[in-house]
Amino acid sequence: MNIAIPTTRLNTVALAEAVATELDVSNTDGRRIVQAVFDVIARAVAGGHPVAITNFGTFLPIERAARTARNPQTGQPVTVPANTDVRFRVSPGLRATVRTADPASATIRKRPQPVRPAQGDAA
């Protein structure tokens with residue numbers, strides 16, 4: 001497995017290329033994989049379901065009530081209708097990874113758990 005460390009701003013195309021490099025697949029397959037993940041997340045959140053990615057974060061659909069706002073140009077009150085919005089809550093695992101500031105060792109994968117002997121086995 002190749003490790004892809006982005007050196008510039010990461011847009012969708014660059015993300016797809018990094019995924020393709022990481023998985024050792026073609027750039028076309030990388031784009032398809034990234035787009036499929038984004039589509040699944042979008043469909044789930046649009047359906048009102050939170051999407052929790054362990055050690056990364058949670059996409060949360062939130063209901064916003066109708067409210068009265070102010071038009072900044074005229075100062076007149078404007079009614080903003082109720083709507084659904086999306087929020088992203090960063091996980092502590094991702095936050096800790098970012099704070100290390102070491103892209104070469106950054107990962108959100110769970111640490112492997114030690115193998116425990118089964119009950120009754122002699123250790």
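## Report on a predicted single-chain model

Thr-97 is located in helix H3. The model that contains this residue is predicted. Thr-97 counts as buried because its relative accessible area is 17%, below the 20% limit for that class. Outside its neighbours within four places in sequence, Thr-97 has contacts with Ala-106 and Thr-107.

### Chain overview

Three helices and five strands make up the secondary structure of the chain. Read from the N terminus, the order of elements is α-α-β-β-β-β-β-α. The chain has 123 residues, and 11% of them count as buried. Its exposed area is about 9900 Å², with 55% supplied by carbon and sulfur atoms. If contacts between residues at least 6 apart in sequence are taken, 34% of them join residues at least 24 apart.

### Helices H1 and H2

Two packed helices are described by the angle between their axes and the distance between the axes. Helix H1 covers residues 12-23 and helix H2 residues 27-46; they pack at an angle of about 115°, and their axes are 7 Å apart. H1 is therefore roughly perpendicular to H2. The crossing in which H1 passes H2 is right-handed.

On the H1 side, the contact is formed by Thr-12, Leu-15, Ala-16, Glu-17, Val-19, Ala-20 and Leu-23, and on the H2 side by Asn-27, Gly-30, Arg-31, Ile-33, Val-34 and Phe-38. Sorted by class, the residues in the contact of H1 with H2 are eight nonpolar, three polar and two charged.

Asp-24 is placed in the loop between H1 and H2. Its phi is near 55°, which is a positive value in a residue other than glycine. Asp-24 counts as exposed because its relative accessibility is 61%, over the 50% limit.

### Asn-55, Ser-91 and Phe-88

A positive phi is also found at Asn-55, about 65°, although this residue is not a glycine. Asn-55 sits in the loop between strand S1 (51-53) and strand S2 (57-64). With a relative accessibility of 26%, Asn-55 is classed as partly exposed.

Asn-55 is one of the residues touched by Ser-91, together with Phe-56 and Gly-57, when residues up to four places away in sequence are not counted. Ser-91 itself is in the loop between strand S5 (83-90) and helix H3 (92-100). Is Ser-91 buried or exposed? Ser-91 is buried, since its relative accessible area is 10% and the class applies under 20%.

Phe-88 belongs to strand S5. Not counting residues up to four places away in sequence, Phe-88 touches Phe-56, Gly-57, Thr-58 and Phe-59. Phe-56 and Gly-57 thus appear in the contact lists of both Ser-91 and Phe-88. The relative accessible area of Phe-88 is 35%, and the residue is partly exposed.

### Thr-68 and Ser-105

Strand S3 (residues 67-70) contains Thr-68. At 61% relative accessibility, this residue is classed as exposed. Its contacts, leaving aside neighbours within four places in sequence, are with Pro-77 and Val-78.

Ser-105 is in the segment after H3. A relative accessibility of 47% puts Ser-105 in the partly exposed class, as the value lies between the limits of 20% and 50%.

### Separation in sequence and in space

Thr-68, Phe-88 and Ser-105 each have a C-alpha distance listed to a partner elsewhere in the chain.

| Residue pair | Separation along the chain | C-alpha to C-alpha distance |
|---|---|---|
| Thr-68 and Val-78 | 10 residues | 5.6 Å |
| Phe-88 and Pro-50 | 38 residues | 9.7 Å |
| Ser-105 and Ile-5 | 100 residues | 10.0 Å |

How far apart in space are Ser-105 and Ile-5? Their C-alpha atoms are 10.0 Å apart, with 100 residues of separation in sequence. For Thr-68 and Val-78, the C-alpha separation of 5.6 Å goes with a contact between these two residues.

Methods. Residues are numbered from 1 along each chain as its sequence is written. This is a predicted model: local features need pLDDT of at least 70, side-chain atom pairs count only at pLDDT 80 or more; totals for chains, interfaces and linings use all residues. Side-chain values use heavy atoms; hydrogens and water are left out. Helices (H or I, at least four residues) and strands (E, at least two) are DSSP runs, numbered from the N terminus. Buried means under 20% relative accessible area, exposed over 50%, partly exposed in between (1.4 Å probe, protein chains only). Contact means heavy atoms within 4.5 Å. Accessible areas come from the Shrake-Rupley method with a 1.4 Å probe; for residues, only the protein chains shown count as cover. Axes are lines fitted to C-alpha atoms, for helices over the stretch in contact, and angles run from 0 to 180 degrees between N-to-C directions. Angles under 35 degrees count as roughly parallel, over 145 as roughly antiparallel, 65 to 115 as roughly perpendicular and the rest as oblique. A crossing is left-handed if the near helix is turned anticlockwise from the far one by less than a right angle, and right-handed if clockwise. Ala, Val, Leu, Ile, Met, Phe, Trp, Tyr, Cys and Pro count as nonpolar, Asp, Glu, Lys and Arg as charged, and the others, Gly among them, as polar.
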